Amino acid sequence: MVREPPNSNYQITVWDLPTRVFHWALVLSLAGSWITHELGLAWMEWHMRLGYLALTLIIFRLAWGLVGPRYARFSQFLAAPGPTLRYLSLWLRGKPPAAAGHSPIGGWAVIAMLVVVAVQAVSGLFNSDEILYSGPWHAAAPTALTDRMEALHASNFNLLLTLIALHLGVMVKYWMRWRRNLVGPMLTGSMPAALAGGDKAVSSQRIVLAVILLAASAASVWLIVAAAPVPDPDDFF
Ligand code: HEM
Ligand code: HEM
């Protein structure tokens, strides 16, 4: 039997290592994709590689949401409309209950971010700068589709920036208004038990399973890229 330590300051693990690595790698891949685009043509290869990394991470997170530890699971954090609205109302009244894992609103925000990053990466596969660099599926797809994907790659990026700004704004709000530090747990994995509202710690981090899933996700992105037909050189001139 696991006995709880006598003081109330002890920490419990809520974010498993694979979820944390996923999060910070996603931040780096998106910041990198943006910077490499800003740096111009010489960095376009890296823009595309970092985009593939973002796509790999999204595929991994979708699988992890099904088989990962407790607080990483979609079934744990995706709430029905009723509880989500109740949480929103408590939040607006300044009384969000303490709990481990994503809040009902946070859970839906996670899904929104995963979808928007996926749209950014997939639209990139069909994009082209019309000079030197193209996503692997640009040449194979009809122009009507690539035109849409190019427009989507540009407009969806603004949506992504908006979600990131909201995401960071919420972190600041939790700290300023309720002195709740959400960032610490995303870095270390643990939070004070007193702030977990009686929720349990995760018992296993499932690292081996995570490594297998990450390798499978990278392999599927490699297949998506490698399966694209080689463009006819005449298409460029
Ligand atoms: C998911 C991470 C990604 C982010 C955040 C991102 C971001 C951007 C942004 C902001 C632009 C400029 C859009 C515009 O204003 O026209 C751009 C252009 C572009 N991206 Fe991405 N992208 C990502 C992934 C990808 C991927 C996976 C590929 C292809 C494999 C790709 C290929 C391109 C190409 C070819 C351009 C056009 C460059 C130009 O016309 O200057 N991107 N990307
Ligand atoms: C490119 C920018 C970012 C994106 C796309 C992003 C995306 C995400 C996603 C998808 C999650 C869900 C994690 C999961 O369950 O797998 C998450 C959670 C989280 N992120 Fe970010 N993030 C970004 C930047 C940041 C930064 C800069 C910070 C800290 C300063 C941060 C702090 C957090 C925290 C604390 C959580 C957990 C929230 C909670 O307790 O429910 N994020 N983020």
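**A tour from the core to ligand 2**

Start by selecting Ala54, Leu55, Leu57, Ile58, Phe60 and Tyr71: of the 28 residues in the largest nonpolar core, these touch the most other members. Such a core is a set of buried Ala, Val, Leu, Ile, Met, Phe, Trp, Tyr and Cys residues joined through C-beta atoms within 7 Å. Here, buried means that 20 or more other C-beta atoms, placed from the backbone, lie within 10 Å of a residue's own. Colour α1, α2, α5 and α8 next, as each gives two or more residues to this core; α2 gives the most, with 11 residues. Helices are DSSP runs (H or I, at least four residues), numbered from the N terminus.

A word on what you have open: this is a predicted model, where local features need pLDDT of at least 70, side-chain atom pairs count only at pLDDT 80 or more, and totals for chains, interfaces and linings use all residues. Residues are numbered from 1 along each chain as its sequence is written, while chains are lettered from A and ligands numbered from 1 in the order in which they are written.

Now move to α1, residues 17-39. Pro18, Thr19, Phe22, Leu26, Ser29, Leu30 and Ser33 are buried in this helix, and their cover includes α2 (44-67), α5 (104-125) and α8 (207-226).

Finally, select ligand 2. Which residues are closest to ligand 2? They are Leu30, His102, Gly106, Leu182 and Met186, out of 20 that surround the ligand (C-beta atom, placed from the backbone, within 6 Å). The largest share of this shell, 6 residues, comes from α1.

Key. The expected span of a helix is 1.5 Å times one less than its number of residues. A residue is buried if 20 or more other C-beta atoms lie within 10 Å of its own, exposed if 12 or fewer, and partly exposed in between; C-beta atoms are placed from the backbone. Two residues are in contact if their C-beta atoms, placed from the backbone, lie within 7 Å.
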